[in-house]
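Biologist: I'd like to zoom in on one spot in this one, but give me the overall picture first. Here it is.

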Amino acid sequence: MKNIILLTLIFGSLNLTAQKKLGSFKKGEFRLTLGLPYLNHLLLKPNDTTMVNKVGFIGESAGLEYSYSDKKFLAFSFSFVGLADNPLPFPFDKEGDYITQYSSYFSITNNHQKNRITYGYGVNYSINTWAQGFRSLGDSVLSTRNQITNQAIGLTLNCYYRIGKSFNLGAIYRPTYFRQSKSLGSEYEHLISIELLWRIRLYKK
């Protein structure tokens with residue numbers, strides 16, 4: 001029993017030390033964020049009849065954070081998310097018919113920090129694209145037969161775990177509801193991403 005208590009105290013002390021070394025965000029800080037939305041699930045409804053539900057890889061994001069208190073901050077970010085069939089950062093193209101989809105969006109979120117966890121909520125403006133066409137290995141440009149692009153407004157929810165001083169691993173849920181389209185109007189779509197995120201301090205007050 002004594003050994004269990006001793007081990008609990010030791011691991012608890014190590015955890016507190018790690019948290020102290022990690023440091024908290026401070027009021028007045030500005031941080032640059034660079035992200036890699038590595039694994040993505042995109043649900044789109046480009047028209048009245050087509051529903052596309054696909055999982056794929058690779059994307060990129062960049063943004064700016066400002067801490068307006070020691071444990072709260074605003075985040076502004078722009079992201080592009082693709083759905084490559086392979087997890088590597090370069091494509092393996094195949095000749096023939098193809099269907100692809102991708103999304104770009106801008107988010108503003110209010111965020112909270114609790115120990116190593118940060119979580120946020122806010123709004124986004126998204127541009128979602130679905131396309132089909134033909135890919136020829138001899139051509140550098142894809143031949144697109146049909147492409148539909150919709151612009152939408154929705155919510156952004158995120159949660160990250162701080163693994164290191166700058167490195168974070170997290171998840172983003174981005175549902176959209178209201179389209180800028182008279183014919184379709186309100187339509188639910190969503191993006192779910194697993195993201196690797198680097199926070200780089202630019203300025204500390």
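Biologist: In the protein chain, what percentage of the contacts with a separation of 6 or more is accounted for by residues 24 or more positions apart? And then the close look: where is Ser67 placed, is it buried or exposed, and what is it in contact with?

Modeller: A word on the ground rules: this is a predicted model, where local features need pLDDT of at least 70, side-chain atom pairs count only at pLDDT 80 or more, and totals for chains, interfaces and linings use all residues. Residues are numbered from 1 along each chain as its sequence is written, and side-chain values use heavy atoms, with hydrogens and water left out.

Your percentage is 65%, with contact meaning heavy atoms within 4.5 Å. The protein chain has 1 helix and 8 strands, and from the N terminus the helix comes ahead of the strands. Those are DSSP runs numbered from the N terminus: helices are H or I with at least four residues, strands are E with at least two. Of the 205 residues, 38% are buried, i.e. under 20% relative accessible area, against over 50% for exposed and in between for partly exposed (1.4 Å probe, protein chains only).

Now for Ser67. This residue sits in strand 2, which covers residues 52–69 and runs antiparallel to strand 1, joined to it by 12 bridges; DSSP has to find at least two bridges for strands to pair. Within that pairing, Phe57 of strand 2 stands opposite Leu39. On its other pairing, strand 1 (residues 30–44) meets strand 8 (residues 186–203), again antiparallel, over 13 bridges, and there His41 faces Ile192.

Ser67 counts as buried because its relative accessibility is 0%. Its side chain makes a 3.0 Å polar contact with the side chain of Arg31. That term covers a pair of N or O atoms within 3.5 Å; within protein, one must be able to donate a hydrogen and the other to accept it, and residues adjacent in sequence count only if both atoms are side-chain atoms. Setting aside neighbours within four places in sequence, Ser67 is in contact with Phe25, Lys26, Lys27, Gly28, Glu29, Arg31, Lys72 and Phe73.

Glu29 turns up again from another angle: it is the nearest side chain of opposite charge to buried Arg162, yet lies 7.5 Å away, leaving Arg162 with no salt bridge. For the charges, Lys and Arg are positive, Asp and Glu negative, with His and chain ends not counted; a salt bridge needs a Lys or Arg side-chain nitrogen within 4 Å of an Asp or Glu carboxyl oxygen. Arg162 belongs to strand 6 (residues 143–162), and a polar atom of its side chain lies 3.5 Å from the backbone oxygen of Lys165.
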